[in-house]
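The following exercises concern a single protein chain and are to be worked with the sequence and the model at hand. Each task is followed by a solution in steps.

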Amino acid sequence: MTFAQPPKDPIQRALFRAPIWIYRLGLGTVLGDRFVLVTHRGRSTGEARQAVLEVVGGNDTTGTVMVASGFGNRSQWFRNIRMEPRILFQVGNRRQRGTAELLPPEESGRVLAHYAQQHPEVAATMLRGLGHDVGDSVAEYERLGADPVDGIPVVRLVPDSEEARFPDFSAPLETDVPRPRG
């Protein structure tokens, strides 16, 4: 099994980051509910970082959104939210404060398998493009999502209650947000 690497070339990175500008221009509805803009804090710098991710599941009633880390533990956004799970996320033009929660491996596997059932061609193309050898079997997607080492972890983005305070990403790390433990 081979794994694609996150883009390191400046041109490739610019292409991967192009959807961020769609959101910044106020055109988030163009991407519909299939993508989410996640604003998180950099684990080293404490500065605001953003990533646009494909939605692999969710709950319209609660506003919960699920995303997969296609590059696994190597994704910078994934590594950042593990250190500081408080985030801001936007689907279409709806912005929400929230918390990013890493799903247990078995649940990640079920979510990825369900996504593959709902969008078989997109799932197969995306995972093959990321270097994962997948067939047509739902069990293969479940195995890949449940693999804690080389798999694709799924993260649940859970909206906070209205009274929750979103971290001020422009403030220094020491004064606004407590440092993560561990």
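A residue is called buried when its relative accessible area is under 20%, exposed when that area is over 50%, and partly exposed in between. The model used throughout is a predicted one.

**Exercise 1. Describe the overall architecture of the protein and the share of its residues that are buried.**

Step 1. The secondary structure consists of six helices and six strands. Read from the N terminus, the order of elements is α-β-β-β-α-β-β-α-α-α-β-α.

Step 2. Of the 182 residues in the protein, 43% are buried. The accessible surface amounts to about 10,300 Å², and carbon and sulfur atoms account for 53% of that surface.

Step 3. Consider the contacts between residues at least 6 apart in sequence: 63% of these join residues at least 24 apart.

**Exercise 2. Identify the aromatic pair and classify its geometry.**

Step 1. The structure contains one aromatic pair. Its members are W77 and F78, with ring centres 5.9 Å apart and an angle of 85° between the planes.

Step 2. Planes over 60 degrees apart count as edge-to-face. The pair of W77 and F78 is therefore edge-to-face.

Step 3. Both W77 and F78 are buried.

**Exercise 3. Characterise the nonpolar surface patch that includes L25, and state whether L25 is buried or exposed.**

Step 1. The patch is formed by W21, L25, L27 and V30, which together have about 460 Å² of accessible area.

Step 2. L25 belongs to the loop between α1 (10-24) and β1 (35-41). Its relative accessible area is 63%, so L25 is exposed.

Step 3. W21, a member of the patch, also takes part in a contact with a charged group: the charged end of R24 sits over the ring of W21, 4.7 Å from the ring centre.

**Exercise 4. Which parts of the chain does the salt bridge between E54 and R34 link, and how accessible is each partner?**

Step 1. There are five salt bridges in total. In the one between E54 and R34, the closest N and O atoms are 2.7 Å apart.

Step 2. This pair links distant parts of the chain, 20 residues apart: E54 lies in strand β2 (residues 48-59), while R34 lies in the loop between α1 and β1.

Step 3. E54 has 15% relative accessibility and therefore counts as buried. R34, at 28%, counts as partly exposed.

**Exercise 5. Analyse the salt bridge between R49 and E47.**

Step 1. The closest N and O atoms of R49 and E47 are 3.7 Å apart. The cut-off for a salt bridge is within 4 Å, so the pair qualifies.

Step 2. R49 has a relative accessible area of 34% and is partly exposed. E47 is likewise partly exposed, at 45% relative accessibility.

**Exercise 6. Locate the salt bridge between E107 and R156, and name the network to which these residues belong.**

Step 1. The side chains of E107 and R156 meet at an N to O distance of 2.5 Å.

Step 2. E107 is in helix α3 (residues 105-118) and R156 in strand β6 (residues 154-159), so this salt bridge ties together parts that are 49 residues apart in sequence.

Step 3. E107, at 24% relative accessibility, counts as partly exposed. R156 also counts as partly exposed, at 22%.

Step 4. E101, E107 and R156 are joined into one network by salt bridges that share partners.

Technical notes. Residues numbered from 1 in each chain as written. Predicted model: local features only at pLDDT ≥ 70, side-chain atom pairs only at ≥ 80, totals over all residues. Heavy atoms only, no water. Patch = residues over 30% accessible without salt bridge, like charges linked within 9 Å, V, L, I, M, F, W, Y side chains within 5 Å. Areas by Shrake-Rupley, 256 points an atom, 1.4 Å probe, with all protein chains shown as cover. Helix = DSSP H or I, 4+ residues; strand = E, 2+ residues; numbered from the N terminus. Buried < 20%, exposed > 50% of the residue type's maximum accessible area, 1.4 Å probe, protein only. Contact = heavy atoms within 4.5 Å. Phe/Tyr/Trp six-rings, centres within 6.5 Å; stacked < 30°, edge-to-face > 60°. Lys NZ or Arg CZ within 6 Å of the ring centre and 35° of its normal.
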